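Here is a short tour of one protein chain, written for someone who likes to keep the structure open while reading. Have your viewer ready and follow along.

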Amino acid sequence: MQVQAPTLEVSVAPADLDAWQGECLIIGCHQSEDAVLLPEPFATLDRDRWSGLVAEAMSESEFKGKAGSTVSTRVSDSIRKVVVVGLGDADKLSSEAVRRAVANGLRQADALKAKTVGVCAASLPSPTSETLAAAIEGALLLAHQDRRFKSAGEIASNGSTFGIESVTLLGFDSEPAALEKAHAIATGTMLARELVAAPANVVTPMALADTAQAIADEFGLELEILDHEACEALGMGAFLGVAQASDMPPKFIHLTYRPEGTPTRKLALIGKGLTFDSGGLNLKVQGNSIAMMKIDMGGAAAVLGAATAIAPLKPNAEVHFIVAATENMISGRALHPGDILTASNQKTIEINNTDAEGRLTLADALVFAEKLEVDAMVDLATLTGACIVALGNDIAGLFSPDEALSEELKSAADRAGEKIWPMPMEPSYADSLKSDVADMKNTGAREGGSISAALFLQKFVEKTAWAHLDVAGPVWTEKAAAYTHKGATGFGVRTLAEWILAQ
Ligand code: BES
Ligand code: MN
Ligand code: ZN
């Protein structure tokens, strides 16, 4: 899959409304219990040029400036429409609030069929470069439309396409670095969304390897793809055990970004890359969860998306992007429940459930990453349904024995507007992984299943600072909100990019 650039045109211009020619203006307004007033200079503008229509619309709809709320009206001016968007509490205005407010305003402007839209900075307390980047991210991520699998006729007859052609950020300082960052991050998130959204007959292990190749070619990164034989030579019995029933060859992807000078830090990002998880002989039969299992490479998508986001921004850290890509299938060659595999660190694993396959592929990937002598490594994986039960669909579980790394990731996630929550690595829960015949079983107790999964992974980390993000919930959503569409969210790209850029 190729890396695609965002299609929406976004620019920055002075807050001179006489000079700006566009159809629709978006104005932010903070929340207040009393009647909400337009911020200046818009209150004056409304009185003098728009006959007070905006204030009237706000009071008629009892607009309180709540985050996510909008009110709009037609005005008689060269600017024909005004959308007022709620910013929520003034003292809680985060980057994420800006991202969401811009997207909510644009959604409304699009519903009004506006093509050229202005977003005003005047209502923001301090339009910093961070706010500017967030505003652009919100716009670009909302504008992203994935129509790869619909024919042209179908698209034309279904009127739900996004029609805004250009967005001008009025009154922001034009900061090329902020523009560049927002573009890179949106591009990486779009790639991750498209990788997760594509079905398993399109995004195969080979397709993931080809995507890594496209990223390497575009940004001049190093790429090594280990085939079955090379993985065998490294003793990756856990990864290859999962791969053995598939007709598609496994691909172990290792993409490397090296900064120009001496790297400040060496990092590894590891993504679970199951392009389809049938469960294996412990076939997924409950409900219809098997139908969703194209998303089981959401971790890999985030890692490749992060590579796309950071490569053009040239951070000072050296970063290794690692994906053990395969499918979990059934055939005469499939793993039998009870089989014993030997991972690349020589540890033996009794397979008591073939559906706990992600941790097997990650085991060999973690051993590989540690051999690179990185300072820290983070894996992202759609690892357990149990994590969704614990934290719901919008929050990823953060598991790490390393407090400093956890803090770095939490603050990166905060800036990114992605939700992650620390989970305990209760050592006694590892008892349920004990095996009578091998060094460990691959599946522990059902209760606390996301924790025993993390404890399993920990057995493959010797000394490197490590964190695991269980992203089973947030890689996919059934509801559109702000800049997020129904379907693949691209979760993880922004947190990883923020973390690396902060090194
Ligand atoms: N890929 C699944 C986890 C998953 C479930 C991701 C739902 C996204 C949505 C994983 O490989 C799996 O099957 N996990 C099992 C583990 C169990 C066998 C210990 C699970 O969660 O049921
Ligand atoms: Mn599984
Ligand atoms: Zn899986």
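## A nonpolar patch on the surface

Between which strand and which helix is the loop that holds Val 285? Val 285 sits in the loop that runs between strand 9 (266-277) and helix 10 (298-310). Please keep in mind that this is a predicted model.

Val 285 has a relative accessible area of 65%, and it counts as exposed because that value is over 50%. Val 285 also has company: together with Leu 281, Leu 283 and Ile 330 it makes up a nonpolar patch on the surface. The accessible area of these four residues together is about 360 Å².

## Two nonpolar cores

Now let's look inside. In soluble globular proteins, nonpolar side chains tend to be buried together. Here, the largest nonpolar core contains 60 residues, and Leu 208, Leu 269, Phe 321, Val 378 and Trp 499 are the ones with the most contacts inside it. Helix 10 supplies the largest share of this core, with 9 residues. There is also a second, separate core of 47 residues, with Met 236, Ala 381, Cys 387 and Phe 460 among them.

Trp 499 is a good residue to click on. Setting aside residues up to four places away in sequence, Trp 499 touches Arg 265, Leu 267, Leu 269, Ala 376, Val 378, Leu 405, Glu 408, Leu 409 and Ala 412.

## Strand 2 and its partners

Strand 2 covers residues 24-29, and 6 of its 6 residues are buried. In a regular strand the side chains alternate between the two faces of the sheet. On one side of strand 2 you will find Cys 24, Ile 26 and Gly 28, and on the other Leu 25, Ile 27 and Cys 29; both faces are covered.

Which strands pair with strand 2? Strand 4 (residues 81-86) runs parallel to strand 2 and is joined to it by 6 bridges, while strand 5 (residues 116-120) pairs with strand 2, also in the parallel sense, over 3 bridges. Leu 25 has a bridge partner in each: Val 82 in strand 4 and Gly 118 in strand 5.

## A buried threonine

Is Thr 326 buried or exposed? Thr 326, which lies in strand 10 (residues 318-328), is buried because its relative accessible area is 0%, under the 20% cut-off.

What surrounds Thr 326? Leaving aside neighbours within four places in sequence, Thr 326 is in contact with Pro 205, Phe 239, Val 242, Ala 243, Pro 250, Gly 273, Leu 274, Thr 275, Phe 276 and Thr 361.

Conventions:
Residues are numbered from 1 along each chain as its sequence is written. Chains are lettered from A and ligands numbered from 1 in the order in which they are written. This is a predicted model: local features need pLDDT of at least 70, side-chain atom pairs count only at pLDDT 80 or more; totals for chains, interfaces and linings use all residues. Side-chain values use heavy atoms; hydrogens and water are left out. Patches are made of residues with over 30% relative accessible area and no salt bridge: like charges are joined within 9 Å, nonpolar side chains (Val, Leu, Ile, Met, Phe, Trp, Tyr) within 5 Å. Accessible areas come from the Shrake-Rupley method with a 1.4 Å probe; for residues, only the protein chains shown count as cover. A salt bridge is a side-chain nitrogen of Lys or Arg within 4 Å of a carboxyl oxygen of Asp or Glu. Helices (H or I, at least four residues) and strands (E, at least two) are DSSP runs, numbered from the N terminus. Buried means under 20% relative accessible area, exposed over 50%, partly exposed in between (1.4 Å probe, protein chains only). A nonpolar core is a set of buried Ala, Val, Leu, Ile, Met, Phe, Trp, Tyr and Cys residues joined through side-chain atoms within 4.5 Å. Contact means heavy atoms within 4.5 Å. Two strands pair if DSSP finds at least two bridges between them.
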